[in-house]
Structures are given as structure tokens and as C-alpha cells.
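Work through the following exercises with the sequence and the 3D structure open beside you. Try each task before you read its solution.

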Amino acid sequence: LTAQDGHSLNVEFSPVLALTKNGPATAVVGQSATYTFSVAHAPSSDGSPVSGVSVADSITAAPVYTSGDADPDGLLDGGETWQYSVTKLVGPNDVDPLVNTGTGTGTDPDGDTITATDDHPLGIDFLPTLEVVKGGPSSANVGDVVTYTFDVSHAPGSDGSSIAGVT
């Protein structure tokens, strides 16, 4: 007499990513701001390995992986924290504060895409310098109407940022 029985169990993986974005509190127009990103499993994660981990930023080029894969298998394992970095040149047309969003993305063992986001506000210090050049006749007679012109522009060394209400 022989008996057999079979049983299968579908395992559903539930990793949850956590992304932390850091950078300077302020920067001056013309300066570079370096942002760092940390990607790890969130406390609510089951810690299952995540493949294809990448980080994107809403206003910069793609951040570059710098470290964290402790067992260099290309999988974000429980207990690992992967680091990414990117630098942005602060421009005269950037808004203040410059709020940008980092997004970490990966794929769980079931093939599902998982993501995490974090924002970082950057206060921008604008340093425009104006130059005013006055023009007009070098002399006039009593009773003459004299017209002067004023040319207002950014002076050498100005950051070129917009200026409103010049009168």
C-alpha cells in the first residue's frame, strides 16, 4: 500500500523600500548643491531581496550609486543601506525654495515594482548686483530741457538672477 499527498504554497514577498534624501539647507546661485540618497528596507518590510534598485531625482541627472551592497550580489538585502549621490548647479532661474523629490525604485522577487520617495527643500540665496549708467548732455543752457537716460543691468560678478520692481 502506497499513499502520496502533495501541497503547494504560494509565497508572496512584501519588501517595502525607504528612501532618505539629504542635502544642504541653503546654497548661493552659482554654487553646487550635493544631494545624497539612502535606500534601505523600511521597518515594515519583510527584508526580501530587491533587484534593479535605482534612484531618480525630479530636477537633476540620475544619482550615482556610491556604496552599500555589502555582499556584492546586486540585490538590496535586509540590513543593507545603499548610498547614491548627485550634484546640481544652482541657477539664477531656480525657484526659492527649490523643492525636489527623490524616488527609489526596485523589483521584488514576485516581479512587482516597489518605490519610495522623499523631498528636500533647498533655500536659495540670490546675489544680484546692479550697475546703473547715467547718460545725458555734458552741458546745457539755462531754460534748456535736459534729458537723461539710465541704463540698468547686471554688473560684472552678479549672479544674473531676476530682479523685479526696478524704478
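**Exercise 1. Decide whether S48 is buried or exposed, and describe its surroundings.**

Step 1. S48 has a relative accessible area of 6% and is therefore buried, where buried means under 20% relative accessible area, exposed means over 50%, and partly exposed lies in between (1.4 Å probe, protein chains only). Before going further, note that this is a predicted model, in which local features need pLDDT of at least 70 and side-chain atom pairs count only at pLDDT 80 or more, while totals for chains, interfaces and linings use all residues. Residues are numbered from 1 along each chain as its sequence is written, and side-chain values use heavy atoms, with hydrogens and water left out.

Step 2. Find S48 in the loop between β3 (32-41) and β4; strands (E, at least two residues) and helices (H or I, at least four) are DSSP runs, numbered from the N terminus.

Step 3. Leaving aside residues up to four places away in sequence, S48 touches F13, S14, P15, H41, L76 and P109, a contact being heavy atoms within 4.5 Å. For P15, which is 33 residues from S48 along the chain, the C-alpha atoms of the two residues are separated by 5.6 Å.

Step 4. The side chains of S48 and D46 are joined by a polar contact of 2.7 Å. A polar contact is a pair of N or O atoms within 3.5 Å; within protein, one must be able to donate a hydrogen and the other to accept it, and residues adjacent in sequence count only if both atoms are side-chain atoms.

**Exercise 2. State how many salt bridges the structure holds, and describe the partners in each.**

Step 1. The structure holds two salt bridges, each defined as a side-chain nitrogen of Lys or Arg within 4 Å of a carboxyl oxygen of Asp or Glu. As background, side chains of opposite charge can pair when their charged atoms come close.

Step 2. One salt bridge is formed by K21 and D57, whose closest N and O atoms are 2.4 Å apart. This pair links distant parts of the chain, since K21 belongs to strand β1 (residues 17-22) and D57 to strand β4, 36 residues apart. Both K21 and D57 are buried.

Step 3. The other salt bridge joins K88 and D94, with closest N and O atoms 3.1 Å apart. K88 is buried, because its relative accessible area is 14%, and D94 also counts as buried, at 18%.

**Exercise 3. Describe what else surrounds the side chain of D57.**

Step 1. D57 lies in strand β4 (residues 50-57) and has a relative accessible area of 10%, so it is buried.

Step 2. A polar atom of the D57 side chain lies 3.0 Å from the backbone nitrogen of I59, and the side chain of D57 also reaches the backbone nitrogen of T60, at 3.2 Å.

Step 3. Not counting residues up to four places away in sequence, the residues that D57 touches are K21, F37, P63, N100, T101 and G102.

**Exercise 4. Find which residues a cis peptide bond joins.**

Step 1. The cis peptide bond joins D96 and P97, with omega at about 0°. For comparison, most peptide bonds are trans.

Step 2. P97 is in the loop between β7 (81-89) and β8 (98-107).

**Exercise 5. Name the residues that form the nonpolar patch on the surface, and say which strands supply them.**

Step 1. The patch consists of L130, V132, V146, Y148, F150, V152, I163 and V166, which together have about 680 Å² of accessible area. Accessible areas come from the Shrake-Rupley method with a 1.4 Å probe, and for residues only the protein chains shown count as cover. Patches are made of residues with over 30% relative accessible area and no salt bridge; like charges are joined within 9 Å, and nonpolar side chains (Val, Leu, Ile, Met, Phe, Trp, Tyr) within 5 Å.

Step 2. At least two residues of the patch come from each of β10 (130-135) and β11 (149-154), whereas V166 is in the segment after β11. V166 counts as partly exposed because its relative accessibility is 45%.

**Exercise 6. Describe the chain as a whole, beginning with its helices and strands.**

Step 1. The protein chain has eleven strands and zero helices. Its radius of gyration is 29 Å, well over the 15 Å that the globule rule gives for 167 residues, so the chain is more spread out than a compact globule. Here the radius is taken over C-alpha atoms, and the rule is 2.2 Å times the number of residues to the power 0.38.

Step 2. Along the principal axes, the C-alpha atoms fill a box of roughly 130 × 25 × 20 Å.
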